[in-house]
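Visitor: I'm new to this one. Could you walk me through how to read it?
Guide: Happy to. Let's look at it together.

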Amino acid sequence: MKFFIDTADLAAIREIKAMGMCDGVTTNPSLMAKAGRKDTDALLKEICAVVQGPVSGEVTALDTDGMVAEGKRLAALDKHIVVKVPTTYEGLKAMAELAGAGIAVNATLVFSVNQALLVAKAGAAYVSPFVGRLDDVGEDGMQLIADIVEVYDNYGYETEVIVASVRHPMHVVDSALLGAHIATIPPEVIRKLVAHPLTDKGLAAFMADWEKLQGGGK
Ligand code: G3P
């Protein structure tokens, strides 16, 4: 299973890359705003240099021609760039055109199986269903992942499923159990994955016993 980091925070990306837990990065306009850098093209290039894997940068145009032009400009920044396109009617046409031009597309803001089916047919390299935002409105985000994985398996689509809008460690467990290719995880959730109170308690007991042994040896 691949872990992408859902952030535009370069320091966090460097830290998680050093742990060996960063197979790629996903950004969006909100994450760019949070990072607070207006030179977003330069930031994407810096992220690519660190990650050396797929880095999603999102288009902000809303019409097909604008999305295609922006997507081609983003893709030219670095060979690792994946162009993130919203799953709208206009976006779908842009996805088909960009994919036809050999550009890797990440179909974003996906909330239904039909949307996932359409983007696979349009040739998107990745689909990003947003599980947390579905949970927020009382729907079952992980059920959508299960359904998309099943539908893609039924027809042998090569589009990779990126579980997005991950909010907590159980989203990661469930993604892995369902066989999703990728989870894109915020840095704060990555840090939570390693923590377990019994690990801390066990380590404290080992250290206390070790100190006793050292003291007893005098
Ligand atoms: O990649 C975008 C997605 O992960 C957004 O997450 O927490 O804003 O719903 P969130």
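**Strands and a helix**

Guide: This is a predicted model, and a good place to start is β4 and β5, which pair in the parallel sense over four bridges. Within that pairing, Val-85 stands opposite Ala-107 in β5. To get from β4 to β5, the chain passes through helix α5 (residues 89-100), making a right-handed β-α-β crossover.

Visitor: Which strand pairs with β5 over three bridges?

Guide: That's β6 (residues 126-129), again in the parallel sense. Here Ala-107 stands opposite Val-127. The chain goes from β5 through helix α6 (residues 113-121) to β6, and this β-α-β crossover is right-handed.

Visitor: How many residues of β5 are buried?

Guide: In a regular strand, side chains alternate between the two faces of the sheet. As for β5 (residues 105-110), five of its six residues are buried, so to speak mostly covered.

Visitor: Now a helix. Why do the buried residues of α3 lie on the same side?

Guide: The general idea is that an α-helix has 3.6 residues a turn, so residues three or four places apart point the same way. In α3, the buried ones are Leu-43, Leu-44, Ile-47, Cys-48, Val-50 and Val-51. They sit on the same side of α3 because they cover an arc of only 165° around the axis.

Visitor: What do they pack against?

Guide: The buried residues of α3 pack against α1, β2, α2, β3, α4 and β4.

Visitor: And what phi does Gln-52 take, just after α3?

Guide: A positive one, of about 55°.

Technical notes: Residues numbered from 1 in each chain as written. Predicted model: local features only at pLDDT ≥ 70, side-chain atom pairs only at ≥ 80, totals over all residues. Heavy atoms only, no water. Buried < 20%, exposed > 50% of the residue type's maximum accessible area, 1.4 Å probe, protein only. Helix = DSSP H or I, 4+ residues; strand = E, 2+ residues; numbered from the N terminus. Arc of directions from axis to C-beta. Contact = heavy atoms within 4.5 Å. Pairing = 2+ DSSP bridges. Right-handed = clockwise from strand over helix to strand, strands pointing away.
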